[in-house]
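Biologist: I'm happier at the bench than in a viewer. Could you show me how to read a structure like this, one feature at a time?

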Amino acid sequence: MNYWDRNIETIGREELAALQLQRLKETVARALNSPYYRKVLGDNNLSPDSIRSLDDLRRFPFTAKDDLRASYPRALLAVDREEVVRMHASSGTTGQSTVVYHNLQDLENWTGLVARCLVMAGATRGDVFQNMMSYGLFTGGIGLHYGAERVGMMVIPIGGGNTHRQIQFFQDFGTTIIHITPSYALHVSDVIRDLGLSPDDFRLRVLIFGAEPYSEATREKLEQLYRVRALNCYGLSEMNGPGVAFECGMNEGMHVWEDSYIVEVIDPESGDLLPPGDEGEIVFTTLTREAMPLIRYRSRDLARLYERTDCSCGRNFRRLSRIIGRTDDMLIVRGVNVFPSQIEHELMRIPEVGTNYQILLDRVENLDRMTVRVEITGRTFHGEVGELRLLKKKIEHALKEEILITTEIELMEPGALPPSQGKAKRVIDNREM
Ligand code: DLL
């Protein structure tokens with residue numbers, strides 16, 4: 001069995017609990033350096049002394065994505081600005097990003113967590129790691145990158161897209177491990193087939209999937225198409241990004257690195273803690289983060305946390321099921337997080353746009369496609385064709401600026417879309433998971 005850090009990865013539950021307790025106190029102390037937590041914890045009379053056992057965490061209020069947004073740009077920063085060496089940001093519901101800051105130590109810890117995941121996946125020095133997730137503010141690219149280098153693999157930081165070149169690189173550089181979204185992996189396998197190639201032409205041995213939901217059936221299909229193992233990688237930018245939980249290959253869920261995160265599962269309605277094994281919203285508390293500690297952060301992801309802690313891989317960290325859904329309406333399109341409200345916000349700023357719209361998602365040649373049907377004002381609709389073409393471009397451009405993906409725009413006559421009768425159903429998702 002391979003470990004990156006055997007001591008910590010095989011730590012016993014009791015020792016782990018003691019470590020968590022100590023780190024939780026440190027986290028609360030650090031959090032108090034940020035304007036946000038100074039106010040929230042102060043209002044609730046909470047301090048490191050409030051924590052005598054891990055159960056005391058329940059006395060702390062949740063932190064929600066809205067709190068992050070309201071703290072934009074810096075109210076959650078718990079160290080001097082000069083100490084920060086990197087930030088990442090992800091999309092918010094109405095154009096307001098949520099920002100996460102890291103100091104050098106944070107990046108070092110994150111790199112270590114990712115290295116643990118990769119070694120657990122069987123990565124070693126000499127492997128060739130093709131990172132097919134986009135680089136930039138999104139954490140999927142750069143987040144895996146440094147961990148892969150730390151393990152000693154040769155990293156190809158190619159990012160997403162450019163499929164022919166990706167496949168060429170599989171051949172030219174003998175890629176052995178790829179990191180990719182499952183939906184892109186489906187598309188790449190089509191292109192491989194169209195090129196008259198087969199998995200036998202490559203040296204791939206592990207696929208690492210993450211950043212978007214997918215089903216067990218999709219995993220099995222992809223394992224057959226590529227004829228190699230696929231492992232699930234979970235994370236969210238608020239908790240660094242990838243490297244929060246990862247599968248060990250025993251097919252019993254993803255180990256959460258509990259020395260770095262406390263994980264709870266709550267009823268999303270009541271906020272009550274749920275017993276092990278129940279499906280609920282996952283809540284995380286960072287235990288080592290310095291620049292921006294987060295306490296009881298509501299991920300909005302739904303999953304189960306399994307009760308058993310022992311695993312045949314030798315690790316005692318608790319395991320998380322596949323992500324079953326979300327408590328909000330966030331969509332993940334080609335690996336990019338999109339809130340319908342972002343689209344609405346942009347549409348409603350355009351004077352020619354009417355009152356109704358619809359978002360249609362489907363998969364064409366295994367690639368996600370997003371179509372936005374927009375009702376426009378009667379006068380515009382019956383106006384000149386040239387102007388309609390320009391309007392279409394204008395909407396497409398405005399959406400691309402905001403959500404970063406290209407959409408198909410269909411301009412519709414007023415009243416053409418089904419009117420809302422109560423809670424509007426704006427999104428039609430025809431993609432198969
Ligand atoms: O997607 C981090 C990541 C990158 C994870 C690469 C794994 C690999 P965000 O952009 O903040 O961060 O999006 C986080 O994506 O709350 C989930 O809803 C979803 N998600 C991430 N990984 C998985 C997964 C990155 N393995 C949001 N299965 C999360 C299902 C996933 N959903």
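Biologist: Let's start with the ligand: how many residues surround it, and which are the closest?

Modeller: Keep in mind that this is a predicted model. The ligand has 22 residues around it, and the closest are Asn232, Cys233, Ser237, Asp301 and Asn337.

Biologist: And where in the chain does that shell come from?

Modeller: Look at the helices and strands. Helix α6 (139-151) and strand β7 (229-236) each supply at least two residues of the shell. The largest share, five residues, comes from β7. Sorted by class, the shell holds eleven nonpolar, eight polar and three charged residues.

Biologist: Which side chains have an N or O atom by an oxygen atom of the ligand?

Modeller: For polar contacts, you look for pairs of N or O atoms within 3.5 Å. Ser237 has a side-chain N or O atom 2.5 Å from an oxygen atom of the ligand. For the side chain of Arg326, the distance to a ligand oxygen is 3.2 Å. The backbone joins in too: a backbone N or O atom of Glu212 lies 3.3 Å from a nitrogen atom of the ligand. As for cover, the ligand has 600 Å² of accessible area on its own, and the protein covers 97% of that.

Biologist: Now the inside of the protein. What should I look for there?

Modeller: In soluble globular proteins, nonpolar side chains tend to be buried together. Here, the largest nonpolar core has 74 residues. Leu118, Phe129, Tyr234 and Phe284 are the ones that touch the most other members. The element giving the most to this core is helix α5 (residues 104-120), with nine residues. Another core, of 23 residues, lies apart from it, and includes Leu361, Val372, Val374 and Ile409.

Biologist: Say I click on Leu118. What is it in contact with, leaving aside neighbours within four places in sequence?

Modeller: That gives you Ala123, Phe129, Leu144, Gly147, Ala148, Val151, Met153 and Ile208.

Biologist: And Val336: why does it count as partly exposed rather than buried?

Modeller: Buried means under 20% relative accessible area. Val336 has 22%, so it counts as partly exposed. Val336 sits in strand β16 (residues 336-338). Setting aside neighbours within four places in sequence, Val336 is in contact with Leu331, Ile403 and Ile405.

Biologist: How many residues along the chain separate Val336 from Ser91, and what is the distance in space?

Modeller: They are 245 residues apart along the chain, while their C-alpha atoms are separated by 8.9 Å.

How values were computed:
Residues are numbered from 1 along each chain as its sequence is written. This is a predicted model: local features need pLDDT of at least 70, side-chain atom pairs count only at pLDDT 80 or more; totals for chains, interfaces and linings use all residues. Side-chain values use heavy atoms; hydrogens and water are left out. A residue is near a molecule or strand if one of its heavy atoms lies within 4 Å of it. A polar contact is a pair of N or O atoms within 3.5 Å; within protein, one must be able to donate a hydrogen and the other to accept it, and residues adjacent in sequence count only if both atoms are side-chain atoms. Accessible areas come from the Shrake-Rupley method with a 1.4 Å probe; for residues, only the protein chains shown count as cover. Helices (H or I, at least four residues) and strands (E, at least two) are DSSP runs, numbered from the N terminus. Ala, Val, Leu, Ile, Met, Phe, Trp, Tyr, Cys and Pro count as nonpolar, Asp, Glu, Lys and Arg as charged, and the others, Gly among them, as polar. A nonpolar core is a set of buried Ala, Val, Leu, Ile, Met, Phe, Trp, Tyr and Cys residues joined through side-chain atoms within 4.5 Å. Buried means under 20% relative accessible area, exposed over 50%, partly exposed in between (1.4 Å probe, protein chains only). Contact means heavy atoms within 4.5 Å.
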